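Dear colleague,

I am passing on the structure below, along with some notes on one sheet and the helices packed around it. Please read the notes with the structure open.

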Amino acid sequence: MSTVETSASEIPSDEIRDEYEQLTENVRKYRYAYYNEDAPLISDAEFDALYRRLEEIEALHPELVANDSPTQEVGGEVSAAFAPVEHLQRMYSLEDVFSLDELKAWLDRATASVANLGNGRKLRWLSEVKIDGLAVNLLYRNGELVRAATRGDGTTGEDITHNVLTIGDIPRKLTGSNFPAEVEIRGEIFIPTKDFLALNERMVEAGKAPFANPRNSAAGSLRQKDPKVTAERPLHMFVHGIGAREGLDAESQSDTYRLLSGWGLPTSPYFKVVDSYQDVLAFIEHYGEHRHDLLHEIDGIVVKVDDFGLQRALGHTSRVPRWSVAYKYPPEEVHTKLLDIRVNVGRTGRVTPYGVMEPVKVAGSTVEMATLHNQDVVKAKGVKIGDIVVLRKAGDVIPEIVGPVMALREAQDPPVRDFVMPTDCPSCGTPLAPGKEGDVDLRCPNAESCPAQLTERVAHLAGRGAFDIEALGYEAALALTRPAEPEQAPLTNEAGIFSLKPEDLADVRIRREKKTKGVPTGETELVPYFYTKGTAKKPSVPTANTKKLFEELQKAKAQPLWRVLVALSIRHVGPTASRALATAFGSMEAIRAASEEQLAHVDGVGPTIAAALKEWFAVDWHVGIVEAWEKAGVRMADEVDESTPRTLEGMTVVVTGTLPNFSRDEAKEAIIIRGGKASGSVSKNTSYVVAGENAGTKLDKAESLGLTVLDEDGFRRLLETGTA
């Protein structure tokens with residue numbers, strides 16, 4: 001995309017005219033693919049950049065703007081597959097802003113416009129989440145749903161009445177008696193996030209390509225010619241506005257939401273009326289942090305003037321209302337090129353394909369690798385090496401390759417090619433084997449000697465949920481298990497981790513890129529990892545990080561039993577099961593001696609974990625790890641503190657959000673040692689919910705169930721007395 005700068009006084013150059021024509025053609029093409037075919041060719045972020053450049057050129061050169069410019073249109077065209085429907089009142093798009101500075105400038109302009117009206121009305125902002133779904137217009141006459149249509153071009157949409165009637169959220173008849181004789185209800189149809197993930201899992205299991213995102217799956221579901229197909233999809237709706245209406249008595253947008261809810265229509269719980277920019281900013285920040293805790297996906301926040309009188313006074317442009325704006329969060333879905341598919345060997349031997357891509361910025365970070373889970377998933381997603389793919393990264397979630405952009409496949413040079421799963425372990429050469437019955441993964445069975453598995457297990461045992469050894473990161477684990485010269489590896493088994501001495505690491509070297517004055521030269525060299533690079537005058541000595549490593553290894557020996565269990569990399573045994581086992585049995589010896597039935601009976605363990613434990617302890621070299629750690633001084637039994645009263649016996653307590661004086665682990669420990677169950681989910685069986693800052697949806701669910709919610713002071717009283 002060109003970056004030619006012009007001024008409004010200049011006649012547009014041939015270069016600008018050519019760019020403008022190309023932009024106009026591309027925006028039309030991409031918009032049609034998005035709205036009419038539900039198959040976007042580029043990401044939302046790329047489309048927004050093209051559209052903004054088009055607006056920029058038109059602002060500088062208004063003489064180029066034609067009546068059919070994409071900037072003068074709303075949404076997409078009407079598909080010939082459905083009957084056209086003319087809306088009683090036009091459906092507008094919203095003006096998008098992409099930074100807080102742009103948002104403040106828009107709010108300042110709206111505030112100034114309201115001040116110029118001089119009518120003394122108070123300006124308040126209704127802030128609500130922007131649902132990533134499909135805009136729909138419902139027409140009710142005498143309380144009965146007579147028509148449903150897509151937004152289309154804003155004036156004319158597609159008749160999707162028969163499909164909409166299959167959606168349980170949408171009432172065929174309004175409740176109450178105070179609704180208008182004729183009213184258009186606007187809203188967004190969507191698929192909840194959990195349902196979307198489950199739907200895609202079913203698609204993959206059936207050997208079909210998954211949907212790119214919830215918006216496209218919702219739109220595609222609504223545009224089915226057979227309503228039975230639509231009925232099978234988990235579609236829902238939230239209404240957020242009113243078009244044409246007769247006799248509606250409401251003074252504000254928020255009043256309307258209360259009316260709509262009273263008529264039995266589904267309204268969003270995610271809105272708030274506020275008084276200032278700072279309040280709007282706080283709303284944006286809150287949902288920016290919690291956007292993935294909501295029922296559905298969002299891509300931004302909509303801010304509206306709440307007062308209907310002020311809305312009418314501010315009016316509309318040809319395309320957007322002057323009383324509403326959409327702030328867009330940074331994109332979480334982009335398009336990039338899949339350069340290669342490689343495999344990684346995990347700590348339990350699972351061999352996982354992953355994609356290597358052209359680096360791309362998504363959700364605030366640069367991504368160049370993403371998991372593909374297993375060979376069946378690669379096949380089901382239909383991705384080939386060389387494809388342009390949809391990459392999604394939702395907040396802190398691991399980046400995911402959603403699928404290929406099929407319309408662009410034929411244009412790739414060199415041509416795309418299939419991924420072939422290796423038959424042998426890429427780390428140790430052992431033939432790969434299928435997992436147990438029902439397990440689609442291939443695994444390396446050489447658990448004891450496979451270098452890749454050992455590296456992963458060493459990195460895991462140092463993690464925060466295990467021994468919590470900060471100085472032992474992944475690079476250090478690599479140096480300990482797979483240095484540049486394999487014969488110098490200090491560890492051939494994690495049993496020796498607590499028996500290491502600084503001098504054992506003196507000769508360990510890794511290969512690093514050579515630099516001259518900080519600039520990479522393209523060459524590599526061998527350098528010591530745990531020791532400084534010695535000279536004739538200055539001998540090699542342990543680095544500061546190496547000294548810290550041995551200090552932390554010593555401290556790690558005193559970690560509680562549940563952390564030791566996590567560190568052993570027993571399949572299926574994570575922190576929750578480890579806590580339950582440590583609480584129930586108190587020592588490693590007792591856990592080893594317990595029968596499978598006794599293990600399975602522990603709350604939070606069950607038969608699968610019990611079987612995995614017995615299977616793990618039946619292997620001699622596994623037992624050797626436990627014995628070596630115990631000999632080195634690692635704690636293998638928890639001290640029973642008889643002085644701590646069992647005040648929470650039989651209770652289930654959920655801690656959510658951030659507490660000032662308890663970490664999440666400390667809060668769980670406090671509950672468990674008092675006989676309670678520290679649960680991660682809220683249900684009707686939950687005894688108490690402890691809510692700190694940014695508690696999120698768990699707090700919402702607790703309140704909806706009428707559960708007792710405690711702050712930190714209440715939590716302390718509960719711990720001490722067993723009552724709130």
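**Sheet and helix packing**

Val302 stands opposite Ala326 in strand E11. The model is a predicted one, and that pair of residues is a convenient place to start.

The two strands concerned are E10, residues 298-305, and E11, residues 324-328; they pair in the antiparallel sense over five bridges. Both belong to an open sheet of five strands, whose order is E2-E11-E10-E3-E9. Pairing across the sheet as a whole is mixed. Strands E2 (95-97) and E9 (271-274) stand at the edges with a single partner strand each, so one side of each has no neighbour in the sheet. From one strand to the next, the twist averages 30°.

Helix H9, residues 277-290, lies across four strands of this sheet: E3 (125-131), E9, E10 and E11. Relative to E3, helix H9 runs at about 20°.

Helix H9 also packs with another helix, and two values describe such a pair.
Two packed helices are described by the angle between their axes and the distance between the axes. Here the partner is helix H3, residues 100-117; the axes of H3 and H9 come within 11 Å and cross at roughly 145°. The crossing of H3 past H9 is right-handed. On the H3 side the contact is made by Leu100, Leu103, Lys104 and Leu107, and on the H9 side by Tyr277, Val280, Leu281 and Ile284. By class, this contact has seven nonpolar residues, no polar ones and one charged residue.

Regards

Technical notes. Residues are numbered from 1 along each chain as its sequence is written. This is a predicted model: local features need pLDDT of at least 70, side-chain atom pairs count only at pLDDT 80 or more; totals for chains, interfaces and linings use all residues. Side-chain values use heavy atoms; hydrogens and water are left out. Two strands pair if DSSP finds at least two bridges between them. Axes are lines fitted to C-alpha atoms, for helices over the stretch in contact, and angles run from 0 to 180 degrees between N-to-C directions. Contact means heavy atoms within 4.5 Å. A crossing is left-handed if the near helix is turned anticlockwise from the far one by less than a right angle, and right-handed if clockwise. Ala, Val, Leu, Ile, Met, Phe, Trp, Tyr, Cys and Pro count as nonpolar, Asp, Glu, Lys and Arg as charged, and the others, Gly among them, as polar.
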